[in-house]
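User: Could you walk me through some side-chain contacts in this model and tell me the reasoning behind each label?

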Amino acid sequence: MKSNYYFKHSNNINYQEFDSFVEKNGHLLQTSAWGKLKSKNGWHAEYIALYRGKEIVATCMILFRRLGALNYTLAYVPKGFVFIEKNEKVDTLMRDEIIKVAQQYKAVALDMEPNIARDDSIVAYFEKLGFKHQGFEADKFIYQTQFDMIVDLTKNEDIKDSFPKKNQKLLDKSIKEGLEFRKASIDEIDIFANLSDITSKRNNISLRKGSYYKQIVELFSESNNYDYFLVELNKETFKKEAEKKVKRMAKEIAGSEKRELNENAKVDLALKRKKLRSIEEDIKKLDGNKPIYLAGCLVLYCGDMAYYLYAASSNEFRYLQPNVFMNYYAMMEAKKRGCTGYNLGGYKSKDDGLYPFKLSLGADSKEFVGIFSYVINKPIYKILKKGLAIRSKLKKIKKSLRK
């Protein structure tokens, strides 16, 4: 009996159908827009769609990277492949087709990182398909992070109610003191690039350049699957509130100076003077007509999930908590779009400084199943592994794939 399964590839695929399937069943990193983005930045993307009759039942976006000057590549499937449900017939067909395409591009090995929660039965299932699981140790997650922090947007009508009391108060304070949130245009992407440079230097990390962010906006704007947000300081509102503080504190300090103080009171007075000087310095920063941008972020959408993918902030006015403020409003925008989840991105461990911040925004942790590998060209793989220390070399290459 003739099979009613058949494949379409990059040269004849319907990308609208492909992305529609991914949005319903998969992850942002399997969309055609993400593949196009990576293709502009040192990788090459290939697309596969498996049909049963007129219906797509599985898709896969594969990324390829050349191994230096060698005529071989590394193949990587980020957060895929995408399928409706576990089906050994479909999964075997996809495995064979993915390997076939990888062979065409002279891939030495294939790494696949499904968008599936940690599950021992899934490990056994994929190993039955011929893949080797790399393990659950932290150092095995060399592409994406082992854990993601995701906010359930359906819990409360107002996302603020998902925050701890401390962050609720910080949010109210940010609003009162003049923080403003707005959607920005591609013409303002240099603002974000500048904030990204500041963040990179402050945290001693390497972030993307402005051209990369512009590519994201251009590619995802085609399907209206992005938002670019900025947080700006309203100078007039901030100055009004700051001058109230100055007046009140100056009165308190003057009253203290008239009294005989014990040592603790003297320390308290010194701290008040220091804080007063700090507020006065902040008021001086308001001079001029140039806007003061405190934070920005790029949020991408895939189906009912929003991805807080790239964020950056200024060194100024950090005590106003612009990132808490920005995420709150970005979550509310995602909720308006019909999103049920807001992915704040990953963390390596609970000792990671990002973990408590994301937890404070009402996020829950999700652990993923990890990487499955398939050696395609065993003779070349053995030679490279022995002569060039392939794992060390590949790890360096793989770092470029982190979001």
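Analyst: Happy to! In this predicted model, the charged end of Lys 8 sits over the ring of Tyr 51, at 5.1 Å from the ring centre. Arg 337 has its charged end over the ring of Tyr 301, 3.9 Å from the centre.

User: What makes the pair of Phe 18 and Tyr 47 edge-to-face?

Analyst: The ring centres of Phe 18 and Tyr 47 are 5.6 Å apart and the planes stand at 90°. Centres within 6.5 Å make a pair, and planes over 60 degrees apart count as edge-to-face, so the label follows. This pair links distant parts of the chain, with Phe 18 in helix α1 and Tyr 47 in strand β2, 29 residues apart.

User: Why is Tyr 47 called buried?

Analyst: Its relative accessible area is 5%, and buried means under 20%, so Tyr 47 qualifies. Phe 18 counts as buried too, at 0%.

User: And why are Phe 64 and Tyr 105 called stacked?

Analyst: Their planes are 25° apart, with 4.7 Å from centre to centre. Stacked needs planes under 30 degrees apart, so the pair fits. Phe 64 is buried at 3%, whereas Tyr 105 is partly exposed at 29%.

User: How do you know that Cys 60 is not in a disulfide?

Analyst: The closest cysteine sulfur, in Cys 302, is 14 Å away from that of Cys 60. A disulfide needs sulfur atoms within 2.5 Å, so this is too far for a bond. Cys 302 is in no disulfide either, its nearest cysteine sulfur being that of Cys 339, 9.7 Å away. Across the whole structure, the search finds zero disulfides.

Terms used. Residues numbered from 1 in each chain as written. Predicted model: local features only at pLDDT ≥ 70, side-chain atom pairs only at ≥ 80, totals over all residues. Heavy atoms only, no water. Phe/Tyr/Trp six-rings, centres within 6.5 Å; stacked < 30°, edge-to-face > 60°. Helix = DSSP H or I, 4+ residues; strand = E, 2+ residues; numbered from the N terminus. Buried < 20%, exposed > 50% of the residue type's maximum accessible area, 1.4 Å probe, protein only. Lys NZ or Arg CZ within 6 Å of the ring centre and 35° of its normal.
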